[in-house]
Amino acid sequence: MRCIEYGLGIGTGLIFFLIWQGVNLWPLFFIAGVAGALFYFGNIRPGGKSFAVFEKPKGESTVAFEDIGGQEVAKNELIEALHFIANAEAIRELGIRPLKGLLLNGPPGTGKTLLAKAAAQFTNSAFVAASGSEFVEMYVGVGAQRVRQLFKQARSLAKKLGKPSAVVFIDEIEVLGGKRGQNSGHLEYDQTLNELLVQMDGMPENDDIRLLVIGATNRADMLDPALLRPGRFDRQVQVDLPDRSGRYHILKLHTRNKPLAVEVSLEEIATATFGFSGAHLESLVNEAAIMALRDGVNQITMDHLAGAIDKVIMGEKLDRLPGKSEKHRIAVHEAGHAIVSEVVQPGSVASVNVSARGKALGYVRQSPGEDLYLYTSDYLEARIAVALAGAVAEEIILGNRSTGASSDFQQAADLARKIVHGGMSELGIVSPDDLPKDLLHSAIVTIFQKTENRVQDILNQYASVLLKTVELLLVCENLDGQEFRRLLNGNNSEQCA
Ligand code: ATP
């Protein structure tokens, strides 16, 4: 402190002396200003970044494995690996090499960060987190310096908190640990990765603070093989999207502190949310609570949760108002999708809507039923039929089609390609890589023609339901699955809810 005061005093005196001598100090002030600004924003200051630190605040609990829904396989694998850290004495006696790195691999929002935090809690470790992108700099050596600083920070934090170990969590590790020699500014990238390897290799087995590095990525294929070799990240844990019971568990966790109406069935919501990650489900519950607040009620109902699913899938409701004739066309289109969906897969329509959301002017939300990981040709053809039904309904009722069906056709083509590549088309088993484009196209067109005929038959058979559904949609804007099924079963007295 003293030195700084002496320095400031002498510096100020020197400046006054030079000004008195008539020396032009403006260039010096300018350079000092620029350097000060750069220093302030911290980005070129080597190691000038400090990383997010997760400590256990007194009296509050932190993330535990029980707070993570689904992911039972990932949790078990992780816990098994963590026993190596928690029982250091036993593994030392057996001469087992301690685990240095763990890689969590899976889609965004599946709980990788939560798992890393829970690992820190489970092993009574300090927790330091950084993201791969925080190490990426234009300036050679800065990333490497930051890696060193991260490890140093983990050790000193553990000492400060009196913990025997620390978890260093690096999210998006592919940014820093991508294959070497591939980036344009590759010298800096390579140096940063090399430094990480050096730090991991240099973690002494009998260090007073044991370190565990947990990396998270959704692109494990991009990682440099040196990172994955035994002795570094030699355990990989797959963190997948949750299945139905996992989604139910996550929904239960995120509704713990929220008042739910008695009729709410989280099982139903879990069934309707195939493909949702934990982050989607958290957002869904939050949106439902916001809708309840907007409605001025103090409980979250099934309608709020259904509305929140629409919002998470399709985006916010828009005020974009199509004209009368366009709205009629949208209603015809959506009614066509809904009728065919219900005929080919009874009970599949969750709601039919003609209000704009995200990029869509209207939409039918389907309840996917059981989680499916394999598709039969019947299932794929049924989904193609649903996709084509909007355009066919427009043709039947309005005499022509519109561009509103382009994304449906794209979806139908993707499904038809699955049929061809799966060896379920008239071409039989094919080699997808060697299949000529025109042959693929003609196989897809044959599937489309067959399905279009089927869709026409269904919609002609249900023409009166089609008209009644359109009429109701123009008044009510949306129908839920139950209301729509009553219409389909011939109940013509259906009114807006
Ligand atoms: P990314 O790959 O984008 O970094 P991630 O896999 O690390 O994502 P998290 O950051 O752990 O995902 O999760 C984000 C949020 O989603 C969490 O704060 C939590 O609210 C919720 N969440 C995700 N997965 C789960 C889960 N399995 N159980 C409970 N909540 C979850």
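**Reading a ligand shell and a small sheet**

Modeller: Three helices, α5 (112-122), α10 (244-254) and α12 (278-294), each give at least two residues to the shell around the ligand. Keep in mind that this is a predicted model.

Colleague: Happy to start there. Which residues come nearest to the ligand?

Modeller: A residue belongs to the shell if one of its heavy atoms lies within 4 Å of the ligand. Here 17 residues surround the ligand, and G69, G109, K112, T113 and H254 come nearest.

Colleague: How many of the shell residues are nonpolar, polar or charged?

Modeller: The shell has eight polar residues, five nonpolar ones and four charged ones. Glycine is counted as polar in this scheme.

Colleague: And how do I read a polar contact with the ligand?

Modeller: Look for a pair of N or O atoms within 3.5 Å. For G69, a backbone N or O atom lies 2.9 Å from a nitrogen atom of the ligand. G111 also uses a backbone N or O atom, 3.1 Å from an oxygen atom of the ligand. With D171, the side chain takes part: one of its N or O atoms is 3.1 Å from a ligand oxygen atom.

Colleague: How much of the ligand does the protein bury?

Modeller: On its own the ligand exposes 630 Å², and the protein buries 77% of that.

Colleague: Now the sheet. What is the order of its strands?

Modeller: Read across the strands and see which ones pair. This open sheet of three strands runs β8-β7-β9, with antiparallel pairing. The edge strands, β8 (363-366) and β9 (478-480), each pair on one side only. From one strand to the next, the twist averages 10°.

Colleague: How many bridges join β7 to β9?

Modeller: Three bridges link β7 (residues 349-353) with β9. For V352, the bridge partner in β9 is L479.

Colleague: Which helices lie across β7 and β9?

Modeller: Helix α18 (residues 463-476) does, running at about 115° to β9. Helix α19 (residues 481-488) also lies across β7 and β9, at about 85° to β9.

Technical notes
Residues are numbered from 1 along each chain as its sequence is written. This is a predicted model: local features need pLDDT of at least 70, side-chain atom pairs count only at pLDDT 80 or more; totals for chains, interfaces and linings use all residues. Side-chain values use heavy atoms; hydrogens and water are left out. Two strands pair if DSSP finds at least two bridges between them. Helices (H or I, at least four residues) and strands (E, at least two) are DSSP runs, numbered from the N terminus. Axes are lines fitted to C-alpha atoms, for helices over the stretch in contact, and angles run from 0 to 180 degrees between N-to-C directions. Contact means heavy atoms within 4.5 Å. A polar contact is a pair of N or O atoms within 3.5 Å; within protein, one must be able to donate a hydrogen and the other to accept it, and residues adjacent in sequence count only if both atoms are side-chain atoms. Accessible areas come from the Shrake-Rupley method with a 1.4 Å probe; for residues, only the protein chains shown count as cover.
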